[in-house]
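Colleague: Could you take me through this model? I have a few quick questions.

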Amino acid sequence: MLADALLLQLGYNATLVTIGATLLGMAAGVAGTFLFLRKRALVSDAISHATLPGVGLAFMVMVALGGDGRALPGLLLGAGVSAALGLLCVQWLTARTRLGEDAAIGAVLSVFFGFGVVILTVIQTMTAGRQAGLEGFLLGSTAGMLRSDAVLLAVAAALVLALVMLLRRPLELASFDSGYAQAAGWSLARIDLAMMGIVLVVTVVGLKVVGLILIVALLIVPAVTARFWTDRTDHVVLIAGAVGGLSGYAGAALSAVAPALPTGPIIVLVGFALFLVSLLVSPGRGLLASVVMHHRYQRRVHMRQGLLALAQGQPIFEALTRRLLHRAGLILPDGVATATGQAAAAKALLDETRWSIVRMDQSFAAAATRYDGLTPIEDVLTPDQLREVDARIDAPQVVA
Amino acid sequence: MTLALVTAGAQPDEAARRASPLAVRGLTVSYGQTPAIFSVDVTVRTGAMTAIVGPNGAGKSTLLKAALNVVKPLAGTVTVLGQPLAQMRDRIAYVPQRASVDWDFPTRVIDVVMMGMYRKLGLLGRVRATHRSQAMACLDRVGMADFATRQIGQLSGGQQQRVFLARALAQEADIYLLDEPFAGVDAATEKAIIAVLKSLRDTGRTVVAVHHDLATVPDYFDEVVLLNTQVIAAGPVAEVFTEDNLHTAYGGRLTTARADPESVAG
């Protein structure tokens with residue numbers, strides 16, 4: 001059943017939803033990356049909550065004009081306008097008052113959302129409002145997804161990807177070093193406007209799929225997840241797009257198999273699962289990696305210190321050090337060095353002397369940064385460099 | 001205050017200002033109601049190294065930022081070789097304070113240097129092998145070529161500062177504005193940076209740096225601007241960097257950083 005869903009064999013509606021959610025996830029992941037890197041991730045939360053009054057007002061206007069209040073283009077237009085207003089409020093409060101951006105976000109988010117809930121309640125009491133189904137905008141509702149909705153998502157995703165591709169350099173500059181970007185002649189205000197515009201597009205088209213409360217997760221979580229796997233900006237963008245797309249795809253397929261599960265929240269939970277896996281197992285920045293590295297490092301420190309103590313004929317008191325040395329066959333149970341132990345100790349002492357020369361000489365600056373008291377010096381220096389260093393060990397040291 | 005009046009009286013003529021690689025006139029910036037810098041006139045000399053010196057809170061960094069329009073001035077004009085700044089952006093390279101960015105940002109040393117070429121590359125210009133080798137050459141000039149593929153967070157403070165300088169070099173500008181390039185860097189880095197800056201000057205480029213170590217001003221710089229919200233004195237180090245002027249700029253606060261008058265004279 002799940003295999004059918006993943007292979008898009010579960011009927012027309014499920015297929016539309018899966019394709020739409022995948023496209024939305026990709027667009028959100030890519031758009032959210034620069035928001036995350038610019039440390040303005042929560043602005044998207046203000047934007048998404050600020051869509052609600054627009055949705056309600058658009059419905060009322062369309063009904064008042066005698067049309068069908070549920071026409072999606074009209075509702076999304078309303079959502080976009082009121083989200084843009086909310087964004088302007090955040091910008092204005094941050095720039096013109098003493099409020100920080102966090103406080104401005106909190107204020108705008110709650111006021112717009114509260115106003116939206118009031119309007120939705122009023123609509124419930126209207127005769128036309130009984131089956132309005134506007135609650136679907138809160139948490140998403142994909143049940144009645146149409147072909148035109150999927151096309152809209154596809155167009156929006158293509159637009160977002162094209163814009164990010166076009167603006168990747170200014171977006172990167174503004175995120176990393178906004179002062180330098182301005183000094184080089186880029187308009188920070190325009191870059192930010194473009195960034196927020198892209199996020200706004202994703203938010204508005206994503207309302208029907210994941211809903212305004214959870215869209216922020218789709219914008220931020222993929223970028224945070226991607227950061228675990230790479231140290232390059234361009235790769236963060238690509239991986240975030242892939243993580244977002246995968247969340248949308250797998251989440252939609254899962255909820256197609258179990259119709260009782262709501263699509264939007266499941267998509268977000270799949271994204272969270274990917275985040276959790278990355279947090280645990282990513283090689284450079286993951287939790288497990290750092291625990292393992294810490295343990296390995298500690299053992300190497302004990303071995304090294306033990307060997308240096310042996311070389312200098314000092315007693316070893318720490319139990320862990322003795323255990324490690326004994327297990328490696330370097331000392332006997334009574335603490336006396338074996339033949340191999342003596343050789344290893346002599347080598348450790350020699351390396352320590354070599355390192356101290358490398359660290360004093362500027363011409364070895366790059367090599368010296370790799371000094372941690374543990375790395376074998378042969379891994380860092382070429383045989384020629386090593387000979388140069390060894391020559392200096394025997395030469396008398398000139399002290400200025 | 002008399003000193004300020006004297007320099008204000010000896011106004012550089014219009015011709016000098018038009019020829020200057022960076023001339024600011026009447027520049028005032030304020031955060032709130034107190035001015036950070038007030039009515040600052042500075043005419044930078046071509047092909048020289050100029051230090052901007054003054055006590056904490058004197059507005060040194062603000063002067064640089066306002067000259068680049070990173071901070072919007074309340075009043076005043078900035079000209080570059082007689083032209084408005086906006087038309088001459090490509091001629092100026094800025095090296096911000098190291099502490100102004102997040103060094104955990106996902107980017108490598110070489111990527112940061114490439115940022116110096118983004119203006120030239122435009123939005124979609126392809127990065128070619130020549131661009132990469134040019135970036136590597138800039139890294140080599142600051143002694144950081146071996147670090148090209150490191151994540152920037154792995155660098156020491158001095159190395160980070162050198163990468164910032166390499167990014168400015170990649171712009172191939174004529175004018176270099178540096179904000180505290182020697183703050184919190186090791187002696188080796190300070191030596192490497194000053195060598196690069198002097199080689200820039202010796203090839204006709206203009207260097208302006210916010211500087212905080214009074215002892216090294218005579219060794220490193222040709223010209224000095226003493227700033228304390230207003231310009232206290234400006235001109236060649238030998239004439240301007242005097243005990244009296246320093247006392248006016250720093251007030252009673254000049255204690256440990258006191259310059260030795262003999263080394264100043266020499």
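Modeller: We can talk through the domains, the chain contacts, a helix pair and some backbone angles.

Modeller: This is a predicted model, in which local features need pLDDT of at least 70 and side-chain atom pairs count only at pLDDT 80 or more, while totals for chains, interfaces and linings use all residues. Residues are numbered from 1 along each chain as its sequence is written, chains are lettered from A and ligands numbered from 1 in the order in which they are written, and side-chain values use heavy atoms, with hydrogens and water left out.

Colleague: OK, into which domains is chain A divided?

Modeller: Chain A has domain 1 (2-280) and domain 2 (288-394), with bounds from an automatic or database domain assignment, and their centres, taken over C-alpha atoms, are separated by 54 Å.

Colleague: And how many residues of chain A are in contact with chain B?

Modeller: On chain A 32 residues are in contact with 35 residues of chain B, where contact means heavy atoms within 4.5 Å. The two chains bury about 3000 Å² between them, 59% of it on carbon and sulfur atoms; buried area is the accessible area (1.4 Å probe) that two parts lose on being put together, summed over both.

Colleague: Which three residues supply the most on the chain A side?

Modeller: Arg169(A), Phe176(A) and Tyr180(A) supply 28% of the area that chain A buries against chain B, more than any other three residues.

Colleague: How many salt bridges across that interface?

Modeller: The rule (a side-chain nitrogen of Lys or Arg within 4 Å of a carboxyl oxygen of Asp or Glu) finds four between chain A and chain B. Asp104(B) pairs in this way with Arg285(A), their closest N and O atoms being 2.9 Å apart.

Colleague: Switching topic, at what angle do α10(A) and α11(A) pack?

Modeller: Helix α10 (residues 188-210) and helix α11 (residues 215-227) of chain A pack at about 120°, with axes 8 Å apart, which makes α10(A) oblique to α11(A), the class left once angles under 35 degrees (roughly parallel), over 145 (roughly antiparallel) and 65 to 115 (roughly perpendicular) are set aside. Axes are lines fitted to C-alpha atoms, for helices over the stretch in contact, and angles run from 0 to 180 degrees between N-to-C directions; helices (H or I, at least four residues) and strands (E, at least two) are DSSP runs, numbered from the N terminus.

Colleague: Last one, what is phi of Glu172(B)?

Modeller: Phi of Glu172(B) is near 50°, a positive value in a residue other than glycine, and Glu172(B) is in the loop between α7 (157-170) and β7 (175-179) of chain B.
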